[in-house]
Amino acid sequence: MFPPSSPVGFVKVVEDYGPIGRGASKAHYVLAENGSNYIVKGPTLTPEHPYVAANEIITASLAEQLGLPVLDSRIALLGDTFVFASAYMSEGTFYPDTTESLFNMCSNRDRAALIVVFDVWTHNTDRHHQNLLVRKRTGRDGQQTTHTVLLNDHSHALVPPGRRAGQLGDLLSTPADTCVRLPFLKAFCLANPSAVRQAVAQVRAIDSDRIHSIVDEVPDTWLLVEADRGAIVEFLRRGQTRLGEVFRDWGADFQDIG
């Protein structure tokens, strides 16, 4: 028997291997009925951070809307509760710590400005060197290795631990520097203001209906009250409008961002 108000398209966990042993989200490593392995997070695993799964699924959907590289994700049923599930990455397929030199090897490093604008928009203050991953793949010839950058872990975006969704308006005045922890991302943006302007335009181009649709897909059990949906939508819509002001405050090269 599935829980009432079950979301569409979820997958059932058939084996829970337990906590992965790191991270504030106390994520578990699981096997789903479709034969795939996932890392799962949810409010039942971290009652002290009830919005963790909502943060993850909303930011993953928004990132995909912008064409940003994120892991495949979905909703999973763990026992009798729903959790956020993202694809498991096998050891050896990524570097655990991203340095500037590794980032500069990535074929999609030109996404840096959009990554920064996205993090400022979603108030992600946790984009450290282990949440911006570099994946590596060796060609069929066994010689050439390709590198791509990947956004990972958005549990602290949107509603931070210790806050309620209704308090999100207090975060709209957060300076851009607070959400840009990696010096090489900041350096890229300062050296490429036109890329930042384009990224701001991309984020602003996501229309209100699409934002509503993404937030509406969050399971009821991942929010404390129904009014949280409206609070998150309002935060994202107001954040789109305020991006110009935030980046104008960041530096003289961004003064023409309206």
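Me: Before we get to F94, what makes two strands count as paired here?
Reply: Two strands are taken as a pair if DSSP finds at least two bridges between them, and I should add that this is a predicted model.

Me: OK, so which residue in β7 is the bridge partner of F94?
Reply: The partner of F94 is R135 in β7; β6 and β7, the latter covering residues 132–138, run antiparallel and are joined by two bridges.

Me: What order do the strands of that sheet come in?
Reply: The sheet is open and has three strands, ordered β6-β7-β8 with antiparallel pairing. Since β6 (94–95) and β8 (145–151) each have a single partner strand, they stand at the edges, so one side of each is left without a neighbour in the sheet.

Me: Switching topic, how much space is in the largest pocket?
Reply: The largest pocket holds about 800 Å³ of space, and its lining is made up of 34 residues, with I20, R22, I39, N152 and D153 lying nearest the centre.

Me: Which element gives the largest share of that lining?
Reply: That is β5, with three residues, while β3 (37–41), α1 (52–66) and β5 (81–87) each supply at least two. By residue type, the lining splits into 16 nonpolar, eleven polar and seven charged.

Me: And N192, where does that lie?
Reply: N192 lies in the loop that connects α4 (183–191) with α5 (193–204), and its side chain reaches the backbone oxygen of F188 at 2.8 Å.

Me: Why do you call N192 partly exposed?
Reply: Because its relative accessible area is 28%, which falls between the 20% limit for buried and the 50% limit for exposed.

Methods:
Residues are numbered from 1 along each chain as its sequence is written. This is a predicted model: local features need pLDDT of at least 70, side-chain atom pairs count only at pLDDT 80 or more; totals for chains, interfaces and linings use all residues. Side-chain values use heavy atoms; hydrogens and water are left out. On a 1 Å grid over the protein atoms alone, a cavity is a set of points where a 1.4 Å probe fits but cannot get out, and a pocket is an open set with protein on both sides within 12 Å along at least five of seven lines; lining residues have an atom within 4 Å of a point. Grid points are joined across faces, edges and corners, and a volume is the space filled by probe spheres set on the points. Helices (H or I, at least four residues) and strands (E, at least two) are DSSP runs, numbered from the N terminus. Ala, Val, Leu, Ile, Met, Phe, Trp, Tyr, Cys and Pro count as nonpolar, Asp, Glu, Lys and Arg as charged, and the others, Gly among them, as polar. Buried means under 20% relative accessible area, exposed over 50%, partly exposed in between (1.4 Å probe, protein chains only). A polar contact is a pair of N or O atoms within 3.5 Å; within protein, one must be able to donate a hydrogen and the other to accept it, and residues adjacent in sequence count only if both atoms are side-chain atoms.
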